[in-house]
Amino acid sequence: MKVKVDYDLCESNGLCVMAAPDVFDLRDDDQLYVLDETPDESRRAAVEDAVQVCPKQALRIEG
């Protein structure tokens with residue numbers, strides 16, 4: 001699986017960080033960072049939760 005972020009939509013709300021803190025990070029500059037663009041399949045449920053809780057629908061999973 002590959003994690004994609006549409007940074008034009010992302011408002012860095014950080015809800016994805018709460019769902020998958022090993023995949024996403026919200027830093028002091030208030031920007032969202034993807035720590036692992038290709039997380040292990042065992043993390044799929046957490047990443048799917050992150051995609052679902054994103055209020056701007058800026059996240060998606062490929063594969």
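Start by selecting strand 1, residues 2–5, and show its side chains. They alternate along the strand: Val-3 and Val-5 point to one face and are buried, while Lys-2 and Lys-4 point to the other face and are not buried. Keep in mind as you click around that this is a predicted model.

Leave strand 1 on screen and add strand 4, residues 59–62. What sense do the two strands pair in? They run antiparallel, with 4 bridges between them. For a landmark on that pairing, pick Lys-2 and look across to strand 4: the residue standing opposite is Glu-62.

Next stop, Val-23. You'll find Val-23 in the loop between helix 1 (15–19) and strand 2. Is Val-23 buried or exposed? Its relative accessible area is 0%, so Val-23 counts as buried. Now add Thr-38 to the selection: it sits 15 residues away from Val-23 in sequence, and their C-alpha atoms are 8.8 Å apart in space.

Move along to strand 2 itself, residues 24–26, and select Leu-26 there. Leu-26 is partly exposed, because its relative accessible area is 30% and the partly exposed range runs from 20% to 50%. Select Asn-13 as well and draw a C-alpha to C-alpha distance: Leu-26 and Asn-13 are 8.4 Å apart, with their positions 13 residues apart in sequence.

Now for a side-chain contact. Show Arg-27 and Tyr-33 as sticks. The charged end of Arg-27 sits over the ring of Tyr-33, at 4.0 Å from the ring's centre. If you're tempted to hunt for aromatic pairs too, you can skip that: a search of the whole structure turns up 0.

Hold on to Asn-13, as it comes up again inside the protein. How many cavities of 30 Å³ or more does the structure hold? There is 1, and the largest cavity has a volume of about 80 Å³. To find it, select Cys-10, Asn-13, Gly-14, Cys-16 and Cys-54, which are the closest to its centre among the 14 residues that line it. The lining as a whole divides into 9 nonpolar, 3 polar and 2 charged residues.

Finish at helix 2, residues 44–53, and pick out Ala-45. Is Ala-45 buried or partly exposed? With a relative accessible area of 49%, Ala-45 is partly exposed. For one last distance, add Ala-20: the C-alpha atoms of Ala-45 and Ala-20 are separated by 9.1 Å, although the two residues are 25 apart along the chain.

Methods. Residues are numbered from 1 along each chain as its sequence is written. This is a predicted model: local features need pLDDT of at least 70, side-chain atom pairs count only at pLDDT 80 or more; totals for chains, interfaces and linings use all residues. Side-chain values use heavy atoms; hydrogens and water are left out. Rings of Phe, Tyr and Trp (its six-membered ring) pair if their centres lie within 6.5 Å; planes under 30 degrees apart count as stacked, over 60 as edge-to-face and the rest as tilted. A charge sits over a ring if NZ of Lys or CZ of Arg is within 6 Å of the ring centre and within 35 degrees of the ring normal. On a 1 Å grid over the protein atoms alone, a cavity is a set of points where a 1.4 Å probe fits but cannot get out, and a pocket is an open set with protein on both sides within 12 Å along at least five of seven lines; lining residues have an atom within 4 Å of a point. Grid points are joined across faces, edges and corners, and a volume is the space filled by probe spheres set on the points. Ala, Val, Leu, Ile, Met, Phe, Trp, Tyr, Cys and Pro count as nonpolar, Asp, Glu, Lys and Arg as charged, and the others, Gly among them, as polar. Buried means under 20% relative accessible area, exposed over 50%, partly exposed in between (1.4 Å probe, protein chains only). Two strands pair if DSSP finds at least two bridges between them.
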